[in-house]
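Q: I am new to this structure and would like a close look at a single part of it. Please choose one and describe what surrounds it.

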Amino acid sequence: MPDKLSFAHDAVLLQEAVAAVLGVKSLPLQRDDTDAADNEENSLQASGIYVDATFGRGGHSRLLLSQLAGDAKLIVIDKDPTAITVARELASIDNRVHVIHDSFASLTDSLAAMGIMQVDGLMADLGVSSPQIDDGSRGFSFMRDGAVDMRMDTTRGQSVAEWLEQVDDETLANVLYDFGEERHSRRIARAIKEMSSYTSTLELAEVIKVAHPNWQRGKHPATQSFQAMRIFINNELGDVDSFLEQSIPILKAGGQLAVISFHSLEDRRIKQFLQRHSKGQYPEDENLPIRPDRPRYFSKPKRIGPSKAEVANNPRSRSAWLRTATRTEVAYQPDVE
C-alpha cells in the first residue's frame with residue numbers, strides 16, 4: 001500500500017471485525033516479510049459484495065480487501081469529505097472499491113442506485129477517528145483550538161457554533177443530558193449560553209470546565225458535553241438506528257453484520273436491536289397476555305472486546321465493543337414490524 005494512504009490511525013478490533021464480517025473465527029496469518037504472492041495464498045479469497053459503512057481512514061477496508069477475491073466488490077461509505085478523498089485514492093488503485101459520499105443512514109438508497117439490493121457482509125465502526133480528533137479545525141477536540149464545528153460532513157448542515165447561537169438554555173441542557181449523560185447539564189448549559197461568541201473550542205471547553213462542579217479523575221470535564229453536541233449535530237443515534245434497521249433487508253441469508261461502538265448510548269442500541277431481532281424480544285410485547293410470533297432475522301449474536309494487548313497498544317480501544325450477528329433465512333417482513 002502506498003505511503004500516501006497511510007494515516008496515524010489505529011483501526012480498533014481490526015482482525016476481529018474483518019473476521020466477523022467474513023463469517024470466520026480468525027483470519028489467515030499474513031506476514032510483513034513475505035511477498036504479495038505468498039500472502040495471496042494465505043488469503044480467504046472470498047467472493048461477494050461487502051460494505052464498510054464508515055470508511056474513516058480505511059484500516060478495516062484495507063484488511064478486508066486482502067481477504068477478498070478479484071471478483072469481489074467492496075462498497076465504502078463515509079460522511080467525512082477527507083475520508084472520501086482517502087477512499088477515492090484507494091479506489092484508484094483497486095477496482096474492487098466503490099465509494100459513496102453519504103451517511104450510512106442512506107444505505108438502502110445508495111446501494112440501490114448502484115443496482116445492489118443485497119450484500120454478503122456489512123460492517124461499521126461508529127467511533128470518531130484519531131485524525132478527525134487531532135485536526136483542531138474540525139472542532140471535535142477540547143485539547144486543540146479550532147472552530148466550534150463538529151460536523152462529520154463539513155459540506156452540509158449546521159455547525160455546533162451556529163446551533164449554539166440560537167438554541168435556548170433548556171434545549172441545550174436536555175441535549176447535554178440525553179446525548180452526553182452529563183449530570184450537571186443545566187449548570188453547564190447556562191454557562192455556555194452566557195458566552196459572547198462560539199468561535200473557539202478551547203474557550204468553550206474552558207467555560208464548561210469552570211462551570212463543572214465535579215470533575216472525574218483522569219477525564220476532562222468537557223468530555224461528555226462535547227460528545228453530546230457532536231452526537232446531536234450529526235444525528236448520530238438516529239443514523240445508527242436507521243442503519244441497523246436497513247441491515248435486515250440488505251443482508252443476504254447467511255450474511256454477517258459487525259458493528260463497533262465506543263460508548264453506552266450506541267452499544268445499548270445495537271444490543272437491543274439484536275435482542276429484538278434474534279430472540280423476538282420486543283419491548284412493546286412485554287405486557288401482552290399472548291405475545292405475537294415475531295420474525296427472527298438474526299442468529300448467533302456475539303459481543304467481542306479488545307484484548308489486553310490491544311488496549312495497552314491503543315488506549316482508545318478500551319471502551320470499544322464489537323457486536324456481530326448472522327442474518328437468518330427469514331424473509332424480511334416490513335408489515336410485521
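A: A residue is called buried when its relative accessible area is under 20%, exposed when that value is over 50%, and partly exposed in between. The model is a predicted one, and the chain averages a pLDDT of 91, with 93% of the residues scoring at least 70. The stretch to set apart is residues 1–8, where the pLDDT is below 50, although this stretch still has 14 contacts in the model beyond its near neighbours in sequence. Where pLDDT is low, the predicted coordinates should not be read in detail.

The part chosen here is helix 13. Its 15 residues should span 21 Å at 1.5 Å a residue, and the C-alpha atoms at its ends are 20 Å apart, so the two values agree. Among the residues of helix 13 that are buried are L265, I270, F273 and L274, and the buried set also takes in E266, D267, R276, H277 and S278. The elements covering these buried residues include helix 8 (169–180), helix 11 (223–233) and helix 12, together with strand 5 (251–261), strand 6 and strand 7 (321–327). After the helix comes G280, which has a positive phi, near 70 degrees.

Side chains of opposite charge can pair when their charged atoms come close. One such pair is the salt bridge between D241 and R269, whose closest N and O atoms are 3.0 Å apart. Because D241 lies in helix 12 (residues 236–250) and R269 in helix 13 (residues 264–278), this pair ties together parts that are 28 residues apart in sequence. D241 counts as partly exposed, with 30% relative accessibility, and R269 is likewise partly exposed, with 29%.

Beyond the end of the helix, R294 and E284 meet in a salt bridge with an N to O distance of 3.9 Å. Both R294 and E284 are in the loop between helix 13 and strand 6 (298–304), ten residues apart. R294 is buried at a relative accessible area of 15%, whereas E284 is partly exposed at 43%. Through salt bridges that share partners, R276, E284, D285 and R294 are joined into one network, and R276 is one of the buried residues of helix 13.

The helices that cover helix 13 also take part in aromatic pairs, of which the structure holds six. F104 and F243 form a stacked pair, with 4.6 Å from centre to centre and 15 degrees between the planes. This pair links F243 in helix 12 with F104 in the loop between strand 3 (97–101) and helix 5 (107–112), 139 residues apart, and both F104 and F243 are buried. A tilted pair is formed by F179 and F232, with centres 6.1 Å apart and 40 degrees between the planes; F179 is in helix 8 and F232 in helix 11, so this pair spans 53 residues of the sequence. F179 has 22% relative accessibility and so counts as partly exposed, since buried requires a value under 20%, and F232 is partly exposed as well, with a relative accessible area of 30%. Ring pairs also bring in W163, which forms a cluster with F179 and F232.

A charged side chain over a ring appears among the strands that cover the helix, in strand 6 and strand 7: R303 lies over the face of W321, at 3.5 Å from the ring centre.

Notes. Residues numbered from 1 in each chain as written. Predicted model: local features only at pLDDT ≥ 70, side-chain atom pairs only at ≥ 80, totals over all residues. Heavy atoms only, no water. pLDDT = per-residue confidence, 0-100. Contact = heavy atoms within 4.5 Å. Salt bridge = Lys/Arg side-chain N within 4 Å of Asp/Glu carboxyl O. Helix = DSSP H or I, 4+ residues; strand = E, 2+ residues; numbered from the N terminus. Buried < 20%, exposed > 50% of the residue type's maximum accessible area, 1.4 Å probe, protein only. Expected span 1.5 Å × (residues − 1). Phe/Tyr/Trp six-rings, centres within 6.5 Å; stacked < 30°, edge-to-face > 60°. Lys NZ or Arg CZ within 6 Å of the ring centre and 35° of its normal.
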